[in-house]
Amino acid sequence: GDVYKRQLYFIEMPEPQTEENPIEVRVQRARRGWVTIVGGLNPDINFKRVTGEFKSAYGCNGSVQIDKDGQKFVLFQGNMCENLKVFLTSQRIAKLEALKLSLIHI
């Protein structure tokens, strides 16, 4: 679908993220297929809840991870680029221009 219908109110921030505070969405090859990595999300959001809702909405697996700098990021199995665009914008987590998308071939 074009819009993720269920509206969630788990965000403690008043405004969606804009390009001043970009969200990086990287799609890259893993051992057996593709993974999508989402970094730069507002640290105030409930990562577990956002990840859980996305997983149940789009039928994929994913988990919240912590990088070497202690920043949280989310890792999903498969190429979830288009689904993330719809989900993050319809949930007012981010504006479209805040999403920096990249595809990495290894």
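**Exercise 1.** Which residue just after helix 2 takes a positive phi?

*Solution.* The model is predicted: local features need pLDDT of at least 70, side-chain atom pairs count only at pLDDT 80 or more, and totals for chains, interfaces and linings use all residues. Residues are numbered from 1 along each chain as its sequence is written, and side-chain values use heavy atoms, with hydrogens and water left out. Helices (H or I, at least four residues) and strands (E, at least two) are DSSP runs, numbered from the N terminus. Arg 92, just after helix 2, has a positive phi of about 60°.

**Exercise 2.** Determine how helix 1 is placed against helix 2.

*Solution.* Step 1: take the axes, which are lines fitted to C-alpha atoms over the stretch in contact, with angles from 0 to 180 degrees between N-to-C directions. For helix 1 (residues 47-58) and helix 2 (residues 81-90), the angle is about 125° and the axes lie 11 Å apart.

Step 2: classify the angle. Helix 1 is therefore oblique to helix 2; under 35 degrees counts as roughly parallel, over 145 as roughly antiparallel, 65 to 115 as roughly perpendicular and the rest as oblique.

Step 3: identify the contact (heavy atoms within 4.5 Å). Helix 1 contributes Val 50, Glu 53, Phe 54 and Tyr 58, and helix 2 contributes Asn 83, Leu 84, Val 86 and Phe 87.

**Exercise 3.** Establish which residues of helix 2 are buried and what covers them.

*Solution.* Step 1: apply the criterion, in which buried means under 20% relative accessible area, exposed over 50%, and partly exposed in between (1.4 Å probe, protein chains only). Cys 81, Leu 84, Val 86, Phe 87, Leu 88 and Ser 90 of helix 2 are buried.

Step 2: list the cover. It includes strand 1, strand 2 (34-39), helix 1, strand 4 (72-77) and strand 5 (99-104).

**Exercise 4.** Locate Ile 23 and Leu 41 in the largest nonpolar core.

*Solution.* Step 1: define the core as a set of buried Ala, Val, Leu, Ile, Met, Phe, Trp, Tyr and Cys residues joined through side-chain atoms within 4.5 Å. The largest one has 21 residues, and Ile 23 and Leu 41 are among those with the most contacts inside it. Its largest share, four residues, comes from helix 2.

Step 2: examine Ile 23. This residue is found in strand 1 (residues 23-29) and is buried, with a relative accessible area of 0%.

Step 3: relate the pair. The C-alpha atoms of Ile 23 and Leu 41 are separated by 5.7 Å, although the residues are 18 apart along the chain. Beyond four places in sequence, Leu 41 touches Gln 17, Ile 23, Phe 47, Val 74, Leu 88 and Ile 93.
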